[in-house]
Amino acid sequence: MSETSCYILDNGAYTAKVGFSTSEPKVVPNCIMKAKSERRRPFIGSQIEECRDASGLFYILPFQKGFLINWDTQKTVWDFIFSKECCPVNFSETPLIITEPLFNFSSIQEAMTEIFFEEYECQSLLRINATDLAEYNYRKTKNNECTVVVDSGYSYTYIVPYVKGKKYKDGIRRIDVGGKVLTNHLKEIISYRQLNVMEESYVINQVKEDSCFVSQDFMKDMEIARKKDSSNTIVKDYVLPDYTTIRRGYLRDVVRPDEELEQQTLRMNNERFSIPELLFRPSDVGIPQMGIPEAIVHSVNSCPEENRESLLENIVLFGGNTLFPGFKERVYQEVRALALDHYDVNVSRSDNPVTYAWEGGKMMFRDPDFYSFCVTREEYEEEGKSLAYERFDI
């Protein structure tokens with residue numbers, strides 16, 4: 001087989017990263033949205049950009065708690081992604097790499113394999129975890145044997161140690177905090193303190209992305225946020241979009257009493273750092289689990305002793321939550337404090353952590369053994385689902 005390109009679909013719960021290995025990926029919302037302003041028309045994926053007024057959006061999501069359960073919605077989004085409008089593909093000529101969650105249910109795996117071979121008539125398929133692609137990307141770039149992959153996305157955060165390119169399953173840790181929990185918590189806090197935004201997931205998600213950061217010293221930042229004068233360097237106003245002149249809100253300095261502002265604003269003070277803090281202290285909202293740095297150390301300590309030092313030297317972060325300013329520094333600071341003194345700790349994050357796993361798929365396609373990882377249409381027709389189950393064993 002000598003295809004020149006491969007189609008890669010990193011099928012995340014919030015966004016799908018998609019494209020050919022010869023080009024740059026597109027990031028497409030993995031959901032269907034309905035708007036109050038245009039009731040008759042559902043917006044699929046990136047069609048949301050055509051919506052005149054994106055306030056009060058209603059989301060229909062294919063994923064719940066990190067697993068694909070709403071097949072009709074997912075199929076509609078896939079049809080859109082593979083169409084001329086987004087990223088057209090002919091699966092009879094192009095191999096496909098598609099990601100799935102860790103510990104995916106076998107019924108979901110079977111259905112996914114079946115849909116791509118029978119409905120999309122895929123020629124060869126590789127179903128793989130996004131963390132595997134991220135690890136492959138890191139290993140090929142750094143040429144190391146051990147890696148700890150931290151995937152902090154929409155539904156959850158996973159910590160996955162790899163030894164010689166293989167997952168060390170006893171060391172995998174899952175924290176049930178992801179972007180969705182953070183956005184929902186921010187909606188509740190703003191609704192309680194300022195303005196009812198419980199139906200504004202889309203806008204509040206943008207508020208979170210534009211204004212939140214990870215504190216390096218939580219109590220010190222709390223002291224600053226309590227101040228009422230100009231020494232409070234944290235407080236900002238977030239100008240909300242009105243969908244006539246402003247399509248996306250933005251952060252600005254606090255409005256002085258004598259200054260008039262025509263747009264509606266939210267006052268963002270300690271919310272700016274207390275929201276991402278949940279990734280480091282999930283117990284703050286009643287989730288009885290470890291934070292990310294503690295889970296990393298816990299994960300490393302459950303791996304063979306001879307690999308621990310190498311694992312701590314190769315911690316790689318990816319996923320949307322890692323974009324918060326200060327995230328990488330805080331993870332390093334806390335892991336350094338928890339790890340043994342004579343171990344070196346190194347935490348890295350790529351320039352674009354959202355497409356990091358996708359880029360790993362691009363590199364994997366260049367691997368001379370790529371086709372030995374895949375299942376072809378002929379093999380699937382001969383041996384059925386059992387072969388896919390064996391080959392994609394995760």
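**Exercise 1. Determine how strand β4 is joined to β5, and place both strands in their sheet.**

Step 1. Strand β4 covers residues 32-34 and runs antiparallel to β5, to which three bridges join it. Strands here are DSSP runs of E with at least two residues, numbered from the N terminus (helices are runs of H or I with at least four). Two strands count as paired if DSSP finds at least two bridges between them.

Step 2. Within this pair, Ile32 stands opposite Ile44 of β5.

Step 3. The sheet is open and has three strands in the order β5-β4-β6, with antiparallel pairing. Because β5 (42-44) and β6 (58-60) each have a single partner strand, they stand at the edges, and one side of each is left without a neighbour in the sheet. From one strand to the next, the twist averages 25°; the angle is taken between N-to-C directions, from 0 to 180 degrees, with axes fitted as lines to C-alpha atoms.

The model is predicted: local features need pLDDT of at least 70 and side-chain atom pairs count only at pLDDT 80 or more, whereas totals for chains, interfaces and linings use all residues. Residues are numbered from 1 along each chain as its sequence is written, and side-chain values use heavy atoms, with hydrogens and water left out.

**Exercise 2. Find the disulfides in the whole structure, then examine Cys86 and Cys122.**

Step 1. A disulfide requires two cysteine sulfur atoms within 2.5 Å. The search of the whole structure finds zero.

Step 2. For Cys86, the nearest cysteine sulfur belongs to Cys87, 5.7 Å away. Cys86 is buried, with a relative accessible area of 6% (buried: under 20%; exposed: over 50%; partly exposed in between; 1.4 Å probe, protein chains only).

Step 3. For Cys122, the nearest cysteine sulfur is that of Cys374, 8.9 Å away. Cys122 is buried at 0% relative accessible area.

**Exercise 3. Describe the largest nonpolar core and the contacts of Phe82.**

Step 1. A nonpolar core is a set of buried Ala, Val, Leu, Ile, Met, Phe, Trp, Tyr and Cys residues joined through side-chain atoms within 4.5 Å. The largest has 118 residues; among those with the most contacts inside it are Leu9, Phe82 and Phe116.

Step 2. Contact means heavy atoms within 4.5 Å. Leaving aside neighbours within four places in sequence, Phe82 is in contact with residues including Tyr7, Leu9, Cys87, Phe116 and Tyr120.

Step 3. Another core, of seven residues, lies apart from the largest one and includes Met222 and Phe273.
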